Amino acid sequence: MTLTHLKSPPLIKVALCEPDIPQNTAAIVRLCACFGVRLEIIEPCGFILSDKRFKRVVMDYINKCKIKLFKDFGEFKKDKKNERIILMSTKAKIKYFDFKFNQNDTILFGRESSGVSQIVHKSVDYKLIIPIKKETRSLNIVSSVAITLAEALKQNHYL
């Protein structure tokens, strides 16, 4: 199957909690731009958006992606009154492909170096895992976003 155009603009959102690797964030901006998905960034970031490493990867996709910044998790949480926050975590029990994504879900990814705080873990609606081989630790966050976002978009008939 060749993806050429989405059937309609997705309502599903991707959120990054305090990202710390500019190249990964830039690649996620590009991914979200290609699928028409809004990216939400919860600050503080471990870099500034004018970082040359970020700019090198993001290229002109920064202008093609809707990005919303939040000063902290509290502000982000307030914005999600009627939406589910789905945290992707290596500590979760529910497999992402066994979960039913809704059209207005926000899929949250933690900081590459340390994940999310216990406060965030306790305040999300669901926690999901991408199962991988036991002798490995984790996927790159860009791969994780792509895998999860594709499943959520497919389930909601955006692809």
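Which residues point one way from strand 1, and which the other way? Lys13, Ala15 and Cys17 take one side, Val14 and Leu16 take the other, and all of them are buried. Keep that strand in mind as we walk through this model, which is a predicted one.

**The overall picture**

The protein has 5 helices and 7 strands. Read from the N terminus, the elements follow the order β-α-β-α-β-α-β-β-β-α-β-α. Its radius of gyration is 15 Å, close to the 15 Å that the globule rule gives for 159 residues, so the protein is as compact as a globular protein of that length. Along the principal axes, the C-alpha atoms fill a box of roughly 40 × 40 × 40 Å.

Of the 159 residues, 43% are buried. If you look at contacts with a separation of 6 or more, 79% of them are between residues 24 or more positions apart. The accessible surface comes to about 9100 Å², and carbon and sulfur atoms own 53% of that area. As for charge, the protein carries 28 positive and 16 negative charges, and the mean positions of the two sets are 2 Å apart.

**Back to strand 1**

In a regular strand the side chains alternate between the two faces of the sheet. In strand 1, the two sets of residues named at the start follow one another in just this way, with Lys13, Ala15 and Cys17 pointing one way and Val14 and Leu16 the other. The strand is mostly covered, with 5 of its 5 residues buried. Its partner here is strand 2: the two pair in the parallel sense over 5 bridges. Within this pairing, Ala15 stands opposite Glu40 in strand 2.

Helix 1 offers a contact to strand 1 through Cys32. This cysteine is found in helix 1, and at 0% relative accessibility it counts as buried. Leaving aside residues up to four places away in sequence, Cys32 touches Val14, Val37, Leu39 and Cys65. One of these, Val14, is also among the buried residues of strand 1. The C-alpha atoms of Cys32 and Ile107 are separated by 12 Å, while the two residues are 75 residues apart along the chain.

**Three residues and their cover**

The table sets out three more residues by place and relative accessibility.

| Residue | Place | Relative accessibility |
|---|---|---|
| Glu18 | loop between strand 1 (13-17) and helix 1 (22-35) | 28%, partly exposed |
| Ser123 | helix 4 (residues 118-123) | 18%, buried |
| His157 | segment after helix 5 (141-155) | 61%, exposed |

Ser123 counts as buried because its 18% is under the 20% cut-off. Its contacts, again not counting residues up to four places away in sequence, are with Phe73 and Lys77.

**Backbone details to check**

If you plan to look over the backbone, here are a few spots to visit. Phi of Glu18 is near 50 degrees, a positive value in a residue other than glycine. For His157, phi is near 60 degrees, again positive in a residue other than glycine. Glu18 sits in the loop between strand 1 and helix 1, whereas His157 lies in the segment after helix 5.

Where is the cis peptide bond that joins Glu43 and Pro44? Pro44 has its place in the loop between strand 2 (38-42) and helix 2 (52-58), and omega of the bond is about 10 degrees.

Terms used. Residues numbered from 1 in each chain as written. Predicted model: local features only at pLDDT ≥ 70, side-chain atom pairs only at ≥ 80, totals over all residues. Heavy atoms only, no water. Helix = DSSP H or I, 4+ residues; strand = E, 2+ residues; numbered from the N terminus. Rg over C-alpha atoms; globule rule 2.2 N^0.38 Å. Buried < 20%, exposed > 50% of the residue type's maximum accessible area, 1.4 Å probe, protein only. Contact = heavy atoms within 4.5 Å. Areas by Shrake-Rupley, 256 points an atom, 1.4 Å probe, with all protein chains shown as cover. Lys, Arg positive; Asp, Glu negative; His and termini not counted. Charge placed at Lys NZ, Arg CZ, Asp CG, Glu CD. Pairing = 2+ DSSP bridges.
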